[in-house]
Amino acid sequence: MIDTLFNNVSEILSSPSVSFAILGVFILICFSIYISKIKFTAGMLVYISLMLAFSVILQQLRIYHFPQGGSVTLGSMIPLLLLSYRYGISTGALAGFLYGLIAILQDPFILHPIQVLFDYPLPYMSLGLAALIPAHKFLSTAIAFLSRFACHFISGVVFFSSYAPEGMSPIIYSLTANSTYFLPESIICFIILKILPLERLLNFMDRNKTN
């Protein structure tokens, strides 16, 4: 496992443009957090770490993995959504960025620096939009999911069109390939969110927000 991680890191670092692209996104997030005057407390850092760990674990509990890429999991995005609900868009975007970084370290697939951004940090950063309309969490979550889907869709059209069957439009190919896993994944997340005692969970996190 250590050897695999080392090889993945080496693969990423072998492309300086990819490293600079990721660094550029990270700087933008830090700037957003700075102008938003967000202060990270010990409680927030603990929750961010815990939720990232939960997301990584849930990502490994795959219901189905599609040959063309993408998996249906047991709600791996739920912990990131909870962070967004509780701490806002900027903090949710930061958590999504870190999750995307973990994802690329686990299984890098690099064709182009822009492709890396649209397949790894940006889709998960968009989950921060779940805090866009605090009074309507399900609506803002739908917006966040659509934004994530848009990132994968654009990447599929621009960078993976060569994988489309002969005669198939890259747009149709990307729409179909990404929908096959994204739609059931989103439905599972909404079902879990409906079942979870959301307000109780968020109130519990809020009590430790300033600790």
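**Chatting through a predicted model**

Reader: Hi! Let's start with E199: buried, partly exposed or exposed?
Author: E199 counts as partly exposed, because its relative accessibility is 46%. Keep in mind that this is a predicted model.

Reader: Thanks. Which side chain does E199 meet in a salt bridge?
Author: That would be K137, with an N to O distance of 3.3 Å. The two residues sit in distant parts of the chain, E199 in helix α10 and K137 in helix α8, 62 residues apart.

Reader: And K137, is that buried or exposed?
Author: K137 is buried, because its relative accessibility of 18% falls under the 20% cut-off.

Reader: How many salt bridges turn up in the whole structure?
Author: A search of the whole structure gives one.

Reader: OK, changing topic. What does Y85 touch?
Author: Leaving out residues up to four places away in sequence, Y85 touches A130, K137, T141, L193, L198 and L202. So K137 turns up again, as a contact of Y85 and as the salt-bridge partner of E199.

Reader: Where does Y85 fit in the nonpolar core?
Author: Y85 belongs to the largest nonpolar core, which has 31 residues. Along with L80, L81, L83 and L127, Y85 is among those with the most contacts inside that core. Helices α3, α4, α5, α8, α9 and α10 each supply at least two of its residues.

Reader: Which helix gives the most to this core?
Author: Helix α4 does, with seven residues.

Reader: How many residues of α4 are buried, then?
Author: Nine of the ten, so helix α4, residues 78–87, is mostly covered. The buried ones are I78, P79, L80, L81, L82, L83, S84, Y85 and Y87.

Reader: What follows α4?
Author: G88 follows, and its phi is positive, near 100 degrees.

Reader: Where else is phi positive, in a residue other than glycine?
Author: K37 is one such residue, with phi near 55 degrees. K37 lies in the loop between α2 and α3, and K37 is exposed, with a relative accessible area of 72%.

Reader: Back to the inside for a second. What lies apart from the 31-residue core?
Author: Another core of 16 residues, and V25, L94, F97 and V116 are among them.

Reader: Nice. What about S90, where is that one?
Author: S90 is in helix α5, which covers residues 89–106. S90 counts as buried because its relative accessibility is 12%.

Reader: Which side chain makes a polar contact with S90?
Author: The side chain of S32 does, at 3.0 Å. Beyond neighbours within four places in sequence, S90 is in contact with I29, S32, I33, S36 and I38.

Reader: Last topic, the surface. Which residues form the nonpolar patch?
Author: V46, L50, F54, I57, L61, I63, Y64 and L74 form it, and together they have about 750 Å² of accessible area. Helix α3 and strand β1 each supply at least two of the patch residues, and α3 gives the most, with four.

Reader: Why would residues three or four places apart in a helix point the same way?
Author: Because an α-helix has 3.6 residues a turn.

Reader: And F54, partly exposed or buried?
Author: F54, which is found in helix α3, counts as partly exposed because its relative accessibility is 44%.

Notes. Residues numbered from 1 in each chain as written. Predicted model: local features only at pLDDT ≥ 70, side-chain atom pairs only at ≥ 80, totals over all residues. Heavy atoms only, no water. Buried < 20%, exposed > 50% of the residue type's maximum accessible area, 1.4 Å probe, protein only. Polar contact = N/O pair within 3.5 Å; in protein donor to acceptor, adjacent residues only side chain to side chain. Contact = heavy atoms within 4.5 Å. Patch = residues over 30% accessible without salt bridge, like charges linked within 9 Å, V, L, I, M, F, W, Y side chains within 5 Å. Areas by Shrake-Rupley, 256 points an atom, 1.4 Å probe, with all protein chains shown as cover. Salt bridge = Lys/Arg side-chain N within 4 Å of Asp/Glu carboxyl O. Core = buried A, V, L, I, M, F, W, Y, C linked by side-chain atoms within 4.5 Å.
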